Amino acid sequence: MGVENRAAFTAVIGATGTGKGVLVKTRLLTPIPARLLVWDPMEEYGNVGRVVGLSEMARIAKEEGSFRLVFQPDWDDDKRNRQFELFCGIAFAAHDCTALVEELSLVTKPSWAPPKWRRLSNMGRHKGVQVIATAQRPAQVDKAFLGAATTIYCNRLIYPEDARVLSKFLGVTDGEIMALPDLHYIALDVRTREVTRGVSSIPRLRASQKMAEKTPKSKKTSATPPRETPGNPGKHGM
């Protein structure tokens, strides 16, 4: 059994473009959990679950059945922080689910973390909540973030101060972390202190997807300008 299958709190650290998203989708969310809540500020998980507002997420997450729900927060800092508190409260109350939090640096700071996030990361395992959280720079997030993790994955880091932080946790050199090729990672099972190394694989496209990409789209001949599509009113809903 891999370390990711036993983890109650998985931290995924790495600079942008080094493979964090691929690792999360191909290793930690494969197969996709039956009960999944996603905090998705970069709008990358709409194909994993249904995008909903927080009110609908709270209602559905109270039920005993399966759900895969994605919330894409607002870019206003104050509003996003309030939404994150609500999201963490929903995940904690849902119990027996997986909660994925992307880009933790947007909602925590080195010297501060929202109360409901602290509760979720420290006590969520007692409610059966599996937490996965990602960050680009460990120096910019809540200091307790790594301390609460039961498994840590590290892709390449660019800044020496970030590599130093992770090298102490992983028991490897700063240089190895900064020299990792794209998609390569170092993983630590905190409870056993076992360190492993691996490579995330990008899923191959199905034949139908490849044909669709190769087929040129027909050009419109009408002089009528395209009609604007209204936005999703529930996308950033509270």
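A polar contact is a pair of N or O atoms within 3.5 Å, one able to donate a hydrogen and the other to accept it. The exercises below apply this and a few other cut-offs to a predicted model.

**Exercise 1. Where does D74 lie, is it buried or exposed, and which backbone atom does its side chain reach?**

Solution. Begin with the position in the chain: D74 belongs to the loop between β4 (67-71) and α4 (77-94). Next comes the accessibility, for which the cut-off is that buried means under 20% relative accessible area. D74 has a relative accessible area of 17%, and therefore counts as buried. Finally, look for a partner: the side chain of D74 reaches the backbone nitrogen of D76, and the separation is 2.7 Å.

**Exercise 2. Determine how the buried residues of helices α2 and α3 are placed around each helix axis.**

Solution. Take α2 (residues 20-28) to start with, where K20, L23, V24 and L28 are buried. Viewed down the axis of α2, these buried residues fall within an arc of 95°, so they line one face of the helix. Turn then to α3 (residues 54-61), in which the buried residues are L54, M57, I60 and A61. They cover an arc of only 130° around the axis, and therefore sit on the same side of α3. As a last step, ask what this side meets: the buried residues of α3 pack against β2 (35-39), β3 (50-51), β4 and α4.

**Exercise 3. Which strands pair with β7, in which directions do they run, and what stands opposite C154?**

Solution. In a regular strand the side chains alternate between the two faces of the sheet. In β7 (residues 151-154), T151 and Y153 are on one side and I152 and C154 on the other, and all of them are buried, so that both faces of the strand are covered. For the pairing, β1 (residues 9-13) is joined to β7 by four bridges, and these two strands run parallel. Strand β8 (residues 184-189) is likewise joined to β7 by four bridges, but here the strands run antiparallel. At C154 the two pairings can be followed residue by residue, since I13 stands opposite C154, while in β8 the bridge partner of C154 is I186.

**Exercise 4. Classify the ring pairs F84 with W117 and Y153 with Y185.**

Solution. Ring centres must lie within 6.5 Å to pair, with planes under 30 degrees apart counting as stacked, over 60 as edge-to-face and the rest as tilted. By this rule there are seven aromatic pairs. The ring centres of F84 and W117 are 5.8 Å apart and their planes stand at 40°, so this pair is tilted. Because F84 lies in helix α4 and W117 in helix α5 (residues 115-123), the pair ties together parts that are 33 residues apart in sequence. F84 is buried, with a relative accessible area of 0%, and W117 is also buried at 0%. For Y153 and Y185, the centres are 5.3 Å apart and the planes at 70°, so the pair is edge-to-face. This second pair links distant parts of the chain, with Y153 in strand β7 and Y185 in strand β8, 32 residues apart. Both rings belong to buried residues, Y153 at 1% relative accessibility and Y185 at 6%. To close, F84 and W117 also belong to an aromatic cluster, whose other members are F9, W39, F71, F87 and F145.

Conventions
Residues numbered from 1 in each chain as written. Predicted model: local features only at pLDDT ≥ 70, side-chain atom pairs only at ≥ 80, totals over all residues. Heavy atoms only, no water. Buried < 20%, exposed > 50% of the residue type's maximum accessible area, 1.4 Å probe, protein only. Arc of directions from axis to C-beta. Contact = heavy atoms within 4.5 Å. Pairing = 2+ DSSP bridges. Phe/Tyr/Trp six-rings, centres within 6.5 Å; stacked < 30°, edge-to-face > 60°.
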